[in-house]
2 protein chains.
Amino acid sequence: MLAGISVSCLGLPRGSFPDAQVSAPDLGSLFRRQPIEKVETGAAVFWEGDEATHVFEVVEGVLRVFKIMSDGRRVITGFIYPGDLLGVSLKDHYLYTAEAITPAKLRRFARSRFQDEINRCPELRPQLFAQFCDEMAAAQDQMVLLARKSAEERVSSFLLLIARRRAGGRPTSPLLAVPMTRLDMADYLGLTIETVSRSMSKLIACGVIAPSGRSAIIIRQLARLARLAGEGDGDDDEDRPPTMTSVRRAVWPH
Amino acid sequence: MLAGISVSCLGLPRGSFPDAQVSAPDLGSLFRRQPIEKVETGAAVFWEGDEATHVFEVVEGVLRVFKIMSDGRRVITGFIYPGDLLGVSLKDHYLYTAEAITPAKLRRFARSRFQDEINRCPELRPQLFAQFCDEMAAAQDQMVLLARKSAEERVSSFLLLIARRRAGGRPTSPLLAVPMTRLDMADYLGLTIETVSRSMSKLIACGVIAPSGRSAIIIRQLARLARLAGEGDGDDDEDRPPTMTSVRRAVWPH
DNA sequence: CGGTCGGTTGAAGCGCATCAATCCAAGTGG
DNA sequence: CCACTTGGATTGATGCGCTTCAACCGACCG
C-alpha cells in the first residue's frame with residue numbers, strides 16, 4: 001500500500017487575500033525562487049508508488065491525479081490547477097500518479113526542505129492546514145457525488161466545480177475552459193465517456209450550457225445548472241457570486 | 001457551504017508505537033484529563049452546520065459521520081472508532097453530522113484550546129499531520145470504491161476495512177464485530193440495503209464469511225475476501241498480517 | 001488522402017434500484 | 001405468558017439507468 005497526498009486547494013488563489021500585505025510569507029512564496037519546469041501534455045510528474053522526494057507547485061496548466069486498480073480501472077481523484085500544491089505528504093511514497101492534461105509549468109521543492117520550512121515558519125502552518133481541510137472537504141463532496149448522484153447531477157456538479165475553481169472564482173465571463181477529455185471526466189465522475197457525452201448533450205439541448213469551440217463551454221443558466229447538480233434549496237437567483245458566503249476565513253486562528 | 005473535518009485515523013492506535021516512551025505527549029494524552037461524556041445509540045454529537053466549538057476523542061463505541069443532500073439522500077463518509085479524533089478543522093462550522101451507532105464515550109476539548117496545544121507542542125503536529133494524511137488516503141480509497149467497484153467488491157472491501165481497523169490491526173481472531181446496520185453500510189457504500197444484504201448472503205453462501213450472532217461475522221477466507229474486494233495482484237496467501245508493509249512510519253521526519 | 005483520436009449517437013444488455021412480501025428478534029402491554 | 005408491534009434483514013419480481021457494443025462523424029496530421 002502506497003502513500004502520498006496532494007494539497008490542492010479548492011481554487012482560492014493563495015497570496016491574494018483582500019487584505020494581503022505583499023511580503024507576508026505564504027506557501028507560494030516558498031517556491032518563488034525555484035526554477036520553472038515544463039511538463040508536456042500527457043507526461044507524468046510522478047507515479048503512484050514512486051518515492052515521494054519532492055513537493056510541487058503548479059504555476060500553469062492543469063494536471064490530473066489518479067489511481068489505477070490492478071485490472072486497469074482508473075479513478076481520477078482530482079484535477080490540479082495553478083496555485084495548487086502537489087505531492088505534499090508525510091508518507092514516503094506517492095499515493096497516486098500525477099499527469100499533465102495541458103502543457104504545464106511547475107516549481108519543485110525537496111520534501112525535506114519543504115518540511116523544514118513548515119516547521120520553521122509558524123505562519124505557514126495554518127495555510128497548510130487550511131489546504132488540507134479544503135482538500136478533505138472536496139473529497140467528501142466527491143464521495144457524496146459518487147455515492148448518490150445521478151449521471152446528470154454528476155456532470156452538472158463537475159461543470160459547477162471547475163467553474164467556481166476558475167482562478168479567483170469571480171463571476172466573470174460565463175465562458176468556461178474544459179481542458180479535460182470525456183475520458184478524464186468519466187474517470188473522475190465514475191461514469192463512462194458515453195454517459196458523460198449524453199449528459200452534456202442533454203444540458204446543451206435544454207439550453208443550460210452551450211458549446212464554445214472544442215474545449216470550452218458557455219454557462220447560460222448558472223442557477224439552473226446548480227439545481228441540476230443536486231444542490232438543494234437553491235432558490236433560483238442568477239449570478240450570485242458562487243458561494244462567496246464562505247470565502248475562506250481566518251485560517252486556523254493562530 | 002459548511003465546514004468541519006474529522007481526523008479519524010485508519011485504525012492504528014495512537015500512543016502505542018513499538019518504541020513509544022510512556023510519557024511522550026501525544027494527541028490522545030491531551031484529552032486524558034477531560035471528563036468522559038456518554039452518548040447513547042442514535043444520538044448526535046453535533047450536526048452538520050453547527051458552529052465547530054469542540055474537538056472530540058472517541059474513547060469507546062463507534063460513530064457514523066455523514067452528510068445529507070437537500071432531498072434526503074444520505075452519504076456516510078466514515079465510521080469513527082475508539083482512538084479517533086472527531087471534529088478537527090479550521091473551519092468554523094462542522095462539515096457533517098456525527099452520530100453514535102453504539103453506546104459511546106467521548107472526551108471533549110475546546111477547539112481554541114486544542115489549537116493552542118497544537119501550536120505550543122511541536123511534537124504534536126506531526127501526529128496531527130499524519131492523521132490528516134491517513135484520513136485523506138482513506139478518502140481516496142473510498143473514491144475508488146464508489147467510482148469503480150461492483151456491489152460485491154464494495155461489501156468485501158468494507159468488511160476488510162473494518163477487519164483491519166479492529167484495534168491494533170493484528171491478525172487475531174477471525175471474529176469481526178459489525179456494529180452498523182445494513183442501512184449504514186448501504187449509505188457508506190453507495191448501495192441499497194437490499195443489495196448489501198444480497199452481497200452478504202452471497203459471501204456467506206460461498207463460504208468466505210459466516211454469520212455469528214446478530215452483529216458479527218467470522219471471516220473464513222481472508223485472502224479470498226481480499227481478492228473479491230478488488231485488491232489486485234493478491235497472491236493467495238492466507239493470513240499474512242493485513243498489509244503490514246506500510247505500517248505508518250516516521251511521521252513527518254521533522 | 002488514409003489514419004488516428006476524441007466525440008457523438010443508437011441499440012441491446014445487465015447490474016443494481018425499486019417495490020413488495022415475509023421473516024426474525026426484541027420489545028411492550030394487556 | 002402471550003398477542004401485538006416494531007425495526008432490521010432477507011428474498012423475490014420487476015424496472016430503469018447506466019454500461020456495453022457498435023457505427024459514425026469531424027478535426028487534425030503525417
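## Chatting through strand D and the two chains

Trainee: Hi! Which polar backbone atom is 2.8 Å from a phosphate oxygen of DNA strand D?
Mentor: In this predicted model, that atom belongs to A:Ala151.

Trainee: And which side chain of chain A has an N or O atom 3.1 Å from a phosphate oxygen of that strand?
Mentor: The side chain of A:Thr192 does. On chain B, a polar side-chain atom of B:Ser197 is 2.7 Å from a phosphate oxygen of DNA strand D.

Trainee: Nice. Which elements give two or more residues to the surface near DNA strand D?
Mentor: Those are α6 (193-205) of chain A and α6 (193-205) of chain B. The largest share comes from α6(B), with four residues.

Trainee: What classes of residue make up that surface?
Mentor: Seven are polar, six are charged and two are nonpolar.

Trainee: Switching to the protein chains: how many residues does each give to the contact?
Mentor: Chain A gives 56 residues and chain B gives 58 residues. About 5,400 Å² is buried between the two chains, and carbon and sulfur atoms give 67% of that area.

Trainee: How many salt bridges are there between chain A and chain B?
Mentor: The count is eight. One of them pairs A:Lys67 with B:Asp141, whose closest N and O atoms are 3.5 Å apart.

Trainee: Which element gives the most to the side of chain A that touches chain B?
Mentor: That would be α3(A), with 20 residues. By class, the residues of this side of chain A are 25 nonpolar, 15 polar and 16 charged.

Conventions:
Residues numbered from 1 in each chain as written. Chains lettered and ligands numbered in written order. Predicted model: local features only at pLDDT ≥ 70, side-chain atom pairs only at ≥ 80, totals over all residues. Heavy atoms only, no water. Polar contact = N/O pair within 3.5 Å; in protein donor to acceptor, adjacent residues only side chain to side chain. Nonpolar A, V, L, I, M, F, W, Y, C, P; charged D, E, K, R; others polar. Contact = heavy atoms within 4.5 Å. Buried area = accessible area lost by both parts, 1.4 Å probe. Salt bridge = Lys/Arg side-chain N within 4 Å of Asp/Glu carboxyl O.
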